[in-house]
Amino acid sequence: MSFTDGFAESETHRMMRETAREVASDYDDTYWRQVSEGMAPTEFWQDCADAGFLGVTVPEEYGGEGMGISELTTIVEELVAHGSMGAEMLFVVNVVFGAVTLTEHGTEEQKEELLEPLVNGDLNFCMALTEPNAGHNAPNLDTVAAEQEDGTFLIDGSKQWISGVDEADRMLLVARTTPKDAVAKRTQGITLFLVDPQDENVERRELDVGIPTPEKQFELSFDGYEASADDIIGTRDMGLYQLFDTVNPERLVGAAGAIGVGRNAIERAVDYASDRVVFDEPIGAHQAIQHPLADSYSKIQAAKLLVQKAAWMLDETDGTEGMKKTAEISNMAKLRATEAGHEATDVTLQTHGGNGFSRDYMIVEMWKGSRLGTVAPGSSQMMRNHIAEHTLGLPRSY
């Protein structure tokens, strides 16, 4: 296979990009502005379901397409690149947290009950992992699932920055089932549960955030929520290890969204710079405008290749060592993509000058949204920590 052939896009990917562009073309800036103000993107999400996007990673026997993360990131990038602002969050919360997790670790009963509704867009998902006192330190989480004599679990604790709880039918909950002092490693003793976020023992409080997102953010309190052994996803006490199969795709889907928003921003900047005439010539004729856009575009393209490589590795790699390497590349891809995506929106804002702050242009909304990607899921600093320790072999810094 020649170098050129190796980088040729498959017919499947080409068709997916074309379909994603068609779906995105039906929803303009006004629609996504209304979504950021609280309107549910119901029509858009159903179009994604009808196009087969929500089931792209789900096996065919459960109504999906039986493909991989490579196809999923392709779809998300193209949707966002053509104006579907924040769509990556919808895919992370529902497709990654829901469909990917259940496909990898769900019981047969859980798969049969939930995957087809997820694929069809009839069921919404969310995940509750982060906590006020734990942050990135997941082994230190305080949410406890205490086993009772009858085999049920009573769950108590708090979660913070949980997306889409108000719309969710099911939640992936991460809780400690064995105390830290009773396990060989602090990363053990944590279990994944399938819970009902609308249960009366789950109290939620909406957080006031200043970024445009298609989903609201919440703080949750669990007070005596009862779960059964049948609600466990995967193996009890090994949830953090199983969660790697969720967080690596989460980072790559977020990275694909960052690439998409960067492409979209630069396209808007080029159009504006070509049309905006000052002192009798387009501002795009000046190197002060050209060079930042050229630099930003090249960084987006480089980051895109890293995301593609990481997605390919995630689909093709098995085994513990392979997964460690995949995690390294996924963290690099997430770091580079989100940094490049935000830089592209920043350059685009500067290109537009004062007009960039007008909501009519959508640029300032893109700028604020892209800034989130450098913080979550997993901040740029934590990505660098992981690369330094696991790739470069430097001492652990935290």
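**Figure 1. The crossing of helix H5 and helix H8 is right-handed.** In this predicted model, H5 comprises residues 69-81 and H8 comprises residues 239-275. The axes of the two helices are 7 Å apart, and the packing angle is about 30 degrees. Angles under 35 degrees count as roughly parallel, and H5 and H8 are therefore roughly parallel to each other. On the H5 side, the contact is formed by Ile-69, Leu-72, Thr-73, Val-76, Glu-77, Glu-78, Val-80 and Ala-81. These residues meet Pro-249, Leu-252, Val-253, Ala-256, Gly-257, Ile-259, Gly-260, Val-261, Arg-263 and Asn-264 of H8. Sorted by character, the residues of the contact of H5 with H8 comprise 11 nonpolar, four polar and three charged.

**Figure 2. Helix H6 packs against helix H8 at an angle of about 155 degrees.** Helix H6 spans residues 87-105, and the axes of H6 and H8 lie 9 Å apart. Angles over 145 degrees count as roughly antiparallel, and H6 and H8 are therefore roughly antiparallel to each other. The two helices cross in a right-handed sense. From H6, the contact draws on Glu-88, Phe-91, Val-92, Val-96, Phe-97, Val-100, Thr-101, Glu-104 and His-105. From H8, it draws on Gln-242, Asp-245, Thr-246, Pro-249, Glu-250, Val-253, Gly-254 and Gly-257. The residues of the contact of H6 with H8 include seven that are nonpolar, six that are polar and four that are charged. Pro-249, Val-253 and Gly-257 of H8 appear in the contact with H6 and also in the contact with H5.

**Figure 3. Thr-74 is a buried residue of helix H5.** The relative accessibility of Thr-74 is 6%. Buried means under 20% relative accessible area, and Thr-74 therefore counts as buried. When residues up to four places away in sequence are set aside, Thr-74 touches His-13 and Arg-17.

**Figure 4. Asn-331 is buried within helix H10.** Helix H10 covers residues 320-352. The relative accessible area of Asn-331 is 1%, and the residue is therefore classed as buried. Leaving out residues up to four places away in sequence, Asn-331 is in contact with Arg-251, Met-383, His-386 and Ile-387. Of these partners, Arg-251 falls within the residue range of helix H8, whereas Met-383, His-386 and Ile-387 fall within the range 380-391 of helix H12.

**Figure 5. Ala-138 occupies the loop between strand S1 and strand S2.** Strand S1 consists of residues 125-128, and strand S2 consists of residues 144-147. Although Ala-138 belongs to a loop, its relative accessibility is 16%, and it therefore counts as buried. Beyond residues up to four places away in sequence, Ala-138 touches Leu-129, Ile-190 and Leu-240. Ala-138 and Val-364 are separated by 226 residues in sequence and, from C-alpha to C-alpha, by 33 Å in space.

**Figure 6. Phe-279 and Asp-280 lie in the loop between strand S9 and strand S10.** Strand S9 is formed by residues 277-278 and strand S10 by residues 281-282. Phi of Phe-279 is near 55 degrees, a positive value in a residue other than glycine. Asp-280, likewise a residue other than glycine, has a positive phi near 75 degrees. Exposed means over 50% relative accessible area. Phe-279 has a relative accessible area of 77% and is therefore exposed. Asp-280 is exposed as well, with a relative accessible area of 79%.

**Figure 7. A cis peptide bond joins Ala-376 and Pro-377.** The omega angle of this bond is about 0 degrees. Pro-377 is placed in the loop between helix H11, residues 363-373, and helix H12, residues 380-391.

**Figure 8. The chain as a whole contains 12 helices and 10 strands.** This last view sets the close-ups in context. A compact globule of 398 residues would have a radius of gyration near 21 Å, and the chain agrees with this expectation because its own value is 21 Å. Along the principal axes, the C-alpha atoms fill a box of roughly 80 × 45 × 40 Å. Of the 398 residues, 52% count as buried. Among contacts between residues at least 6 apart in sequence, 72% join residues at least 24 apart.

Terms used: Residues are numbered from 1 along each chain as its sequence is written. This is a predicted model: local features need pLDDT of at least 70, side-chain atom pairs count only at pLDDT 80 or more; totals for chains, interfaces and linings use all residues. Side-chain values use heavy atoms; hydrogens and water are left out. Axes are lines fitted to C-alpha atoms, for helices over the stretch in contact, and angles run from 0 to 180 degrees between N-to-C directions. Helices (H or I, at least four residues) and strands (E, at least two) are DSSP runs, numbered from the N terminus. Angles under 35 degrees count as roughly parallel, over 145 as roughly antiparallel, 65 to 115 as roughly perpendicular and the rest as oblique. A crossing is left-handed if the near helix is turned anticlockwise from the far one by less than a right angle, and right-handed if clockwise. Contact means heavy atoms within 4.5 Å. Ala, Val, Leu, Ile, Met, Phe, Trp, Tyr, Cys and Pro count as nonpolar, Asp, Glu, Lys and Arg as charged, and the others, Gly among them, as polar. The radius of gyration is taken over C-alpha atoms; the globule rule is 2.2 Å times the number of residues to the power 0.38. Buried means under 20% relative accessible area, exposed over 50%, partly exposed in between (1.4 Å probe, protein chains only).
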